[in-house]
Amino acid sequence: MSEPRFTVAYDGPVATVTLAGPRGKAVMDAQFFVELAETVTALDGNDDVRVIVFAGSGGHFSFGLDLMEAVQAFAQNKAATDSGGRQDLHAMIRRWQAALDVVAKTRKATVAAVTGWCIGGGVDLAVACDVRIASADAKFSVREAKVGIVADLGSLQRLVGMIGDGHLRELALTGDDIDAERAAAIGLVNHVHPDADSALAAAADLARRIAANSPLVVRGIKDVLDVERGPRVEAGLRYTAAWNAAFLLSHDLDEAVTSFIEKRPPEYTGR
């Protein structure tokens with residue numbers, strides 16, 4: 001039996017979900033997405049839980065997708081001689097999107113306590129939450145463009161309503177890292193605290209303040225706020241999954257992987 005990708009701790013009505021990752025690494029593999037959906041679904045059905053806090057372990061929130069595992073999956077899809085490989089890739093993307101949708105759509109309020117690195121899929125998870133708290137050492141990156149991928153798990157759809165079109169385009173098109181101060185300035189995070197301990201404490205305090213309110217009203221607020229955003233996000237996710245199923249398996253993706261392994265800058269050709 002594989003090691004769990006999450007641990008859950010309870011403090012009254014607040015459940016803290018800590019990202020354990022495979023082999024102690026702060027990355028997201030296929031099992032991560034399965035357990036993410038299962039964990040949040042179970043908490044959603046637990047009437048004793050009113051707020052869910054997501055936190056990283058080992059000093060970092062998440063380095064995002066387990067690139068080596070993803071590369072192996074992409075290689076299998078690319079090796080297919082018919083449309084089956086691309087259909088499988090499309091189905092995989094939609095499964096991973098659905099796991100993060102479980103976070104976005106849970107009836108419980110959600111808080112991301114971001115410490116250290118938050119890259120790629122880590123940003124997708126953080127922005128699927130209702131509120132984001134960061135430590136001063138937190139760094140964020142919509143990194144996918146630098147590894148030959150169009151971000152397809154929700155950042156491009158959810159961030160636009162948080163940070164605006166211009167900031168989103170800059171982050172997505174460059175793949176640049178930004179620190180917690182810049183993240184707060186553009187609206188990516190709500191509050192920044194001096195260190196990891198104070199950020200986690202602040203997230204727990206915020207969760208308790210939310211939990212003190214009527215759970216019916218909290219659900220109602222989330223439902224009302226999602227009336228406009230929900231359909232827009234879903235349409236964007238569907239389109240991105242179809243786009244990546246068609247174009248992800250490219251020479252540029254191969255070059256991204258090769259250059260990563262060889263520890264050199266990539267040389268992209270647009271093919």
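**Close-up views of a predicted model**

**Figure 1. The D165–R169 salt bridge within helix α7.** D165 counts as partly exposed, at 40% relative accessibility. The model shown here and in the other views is predicted. D165 pairs with R169 in a salt bridge, and the closest N and O atoms of the two are 2.6 Å apart. Helix α7 (residues 165-174) holds both residues. They are 4 residues apart, about one turn of the helix. A search of the whole structure finds 16 salt bridges.

**Figure 2. The salt bridge between K222 and D130.** The side chains of K222 and D130 meet at 3.1 Å, N to O. This pair links distant parts of the chain, with the two positions 92 residues apart in numbering. K222 belongs to helix α10 (residues 215-247), and D130 to the loop between α4 (121-128) and β6 (131-135). K222 counts as buried because its relative accessibility, 13%, is under 20%. D130, at 31% relative accessibility, counts as partly exposed.

**Figure 3. The D226–R229 salt bridge within helix α10.** In this salt bridge the closest N and O atoms of R229 and D226 are 3.4 Å apart. Both residues lie in helix α10, 3 residues apart, about one turn of the helix. D226 has a relative accessibility of 22% and counts as partly exposed. R94, E234 and R238 are joined into one network by salt bridges that share partners.

**Figure 4. A nonpolar patch on the surface.** The patch is formed by V150, Y239, W243 and F247. Together these residues have about 430 Å² of accessible area. Y239 lies in helix α10. With a relative accessible area of 58%, Y239 is exposed.

**Figure 5. F74 in the largest nonpolar core.** In soluble globular proteins, nonpolar side chains tend to be buried together. The largest nonpolar core of this model has 58 residues. L36, F54, F74, L125, F140, L159 and L188 touch the most other members. Helix α3 (residues 84-105) supplies the largest share of the core, 8 residues. Not counting residues up to four places away in sequence, F74 touches L89, M92, I149, L248, L249 and L253. Another core, of 17 residues, lies apart from the largest one, and V14, A109, V131 and I210 are among its members.

**Figure 6. E144, a buried residue with no salt bridge.** E144 is found in the loop between β7 (139-141) and α5 (155-158). The nearest side chain of opposite charge is that of R143, 7.7 Å away. Which residues does E144 touch, not counting those up to four places away in sequence? They are G120, G121, D124, I149, V150 and A151. V150 is also part of the nonpolar surface patch with Y239, W243 and F247.

**Figure 7. V114 and its contacts.** V114 has its place in strand β4 (residues 109-114). V114 is buried, with a relative accessible area of 0%. Leaving aside neighbours within four places in sequence, V114 is in contact with F61, A126, I133, A134, S135, A138 and F140. V114 and A138 are 24 residues apart in sequence, and their C-alpha atoms are 6.4 Å apart in space. F140 is one of the residues that touch the most other members of the largest nonpolar core.

Terms used. Residues numbered from 1 in each chain as written. Predicted model: local features only at pLDDT ≥ 70, side-chain atom pairs only at ≥ 80, totals over all residues. Heavy atoms only, no water. Salt bridge = Lys/Arg side-chain N within 4 Å of Asp/Glu carboxyl O. Buried < 20%, exposed > 50% of the residue type's maximum accessible area, 1.4 Å probe, protein only. Patch = residues over 30% accessible without salt bridge, like charges linked within 9 Å, V, L, I, M, F, W, Y side chains within 5 Å. Areas by Shrake-Rupley, 256 points an atom, 1.4 Å probe, with all protein chains shown as cover. Core = buried A, V, L, I, M, F, W, Y, C linked by side-chain atoms within 4.5 Å. Contact = heavy atoms within 4.5 Å. Lys, Arg positive; Asp, Glu negative; His and termini not counted.
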